[in-house]
Amino acid sequence: MAWYWFVLGVLVTWRLTHLLHTEDGPWRMVHTLRTVASRHTMLRELFACFYCLSMWVAVPVAYLVGESWRERLLLLPALSAAAILLERVTSAPPMPAFVEDAGLTPPQE
């Protein structure tokens with residue numbers, strides 16, 4: 001397999017996972033899909049977890065990109081891991097739970 005097929009597979013896996021997990025999609029179709037899926041416990045958890053969803057999205061991508069079954073089996077976690085890393089790099093950092101005031105006190109009246 002050429003390296004550009006791997007890069008393409010990573011980008012496709014991340015893009016589709018991000019679309020299904022976060023975005024509303026055109027005409028809010030993906031939002032509607034998530035709403036329907038939220039009625040079922042297993043599907044609700046799948047769409048809520050980027051890590052889990054990336055594994056399932058990577059299945060058809062690994063099948064299409066890989067040339068042998070061994071390569072496809074190795075591509076599956078590799079594509080998911082790369083999509084997770086891309087998500088971490090491109091998403092905003094979480095807000096801290098506690099911010100220390102650094103000794104600043106409010107003015108006394």
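**A walk from helix α1 to the core**

Let's begin at leucine 8, which sits in helix α1. Keep in mind as you look around that this is a predicted model. Is leucine 8 buried, partly exposed or exposed? Its relative accessibility is 42%, so leucine 8 counts as partly exposed.

Leucine 8 has company out there. Together with Met1, Trp3, Tyr4, Trp5, Val7, Leu11, Val12 and Leu16, Leu8 makes a nonpolar surface patch of about 880 Å².

From the patch, two of its members lead us on to valine 65. Setting aside neighbours within four places in sequence, valine 65 is in contact with Met1 and Trp5, among others; Met1 and Trp5 both belong to the patch. The rest of the contact list for valine 65 runs through Phe6, Gly9, Glu71 and Leu75.

Valine 65 also takes us inside, since it is part of the largest nonpolar core. That core has nine residues: along with Val65 you'll find Val10, Ala58, Val61, Ala62, Leu75, Leu76, Leu79 and Ala82. Which elements give two or more residues to this core? They are α4, covering 50-65, and α5, covering 69-90. Leu75 is worth a second look here, as it is a core residue and also one of the contacts of valine 65.

Now for the charged side chains. How many salt bridges are there? The count comes to three. One of them pairs arginine 15 with glutamate 23, with an N to O distance of 2.7 Å. Both partners are partly exposed: arginine 15 has a relative accessible area of 38%, and glutamate 23 comes in at 23%.

The other salt bridges bring us to aspartate 24. Its side chain meets that of arginine 28 at 3.3 Å, N to O, and that of arginine 34 at 3.4 Å, again N to O. The pair of aspartate 24 and arginine 34 links distant parts of the chain: aspartate 24 lies in the loop between α1 (3-21) and α2 (29-37), while arginine 34 is in helix α2, 10 residues apart. Put the pieces together and Asp24, Arg28 and Arg34 form a network of salt bridges.

How do the members of this network sit relative to the surface? Aspartate 24 is partly exposed, with a relative accessible area of 32%, and arginine 28 is partly exposed too, at 43%. Arginine 34 has a relative accessible area of 16%, and because the cut-off for buried is under 20%, arginine 34 is buried.

Note on methods:
Residues are numbered from 1 along each chain as its sequence is written. This is a predicted model: local features need pLDDT of at least 70, side-chain atom pairs count only at pLDDT 80 or more; totals for chains, interfaces and linings use all residues. Side-chain values use heavy atoms; hydrogens and water are left out. A salt bridge is a side-chain nitrogen of Lys or Arg within 4 Å of a carboxyl oxygen of Asp or Glu. Buried means under 20% relative accessible area, exposed over 50%, partly exposed in between (1.4 Å probe, protein chains only). Helices (H or I, at least four residues) and strands (E, at least two) are DSSP runs, numbered from the N terminus. Patches are made of residues with over 30% relative accessible area and no salt bridge: like charges are joined within 9 Å, nonpolar side chains (Val, Leu, Ile, Met, Phe, Trp, Tyr) within 5 Å. Accessible areas come from the Shrake-Rupley method with a 1.4 Å probe; for residues, only the protein chains shown count as cover. A nonpolar core is a set of buried Ala, Val, Leu, Ile, Met, Phe, Trp, Tyr and Cys residues joined through side-chain atoms within 4.5 Å. Contact means heavy atoms within 4.5 Å.
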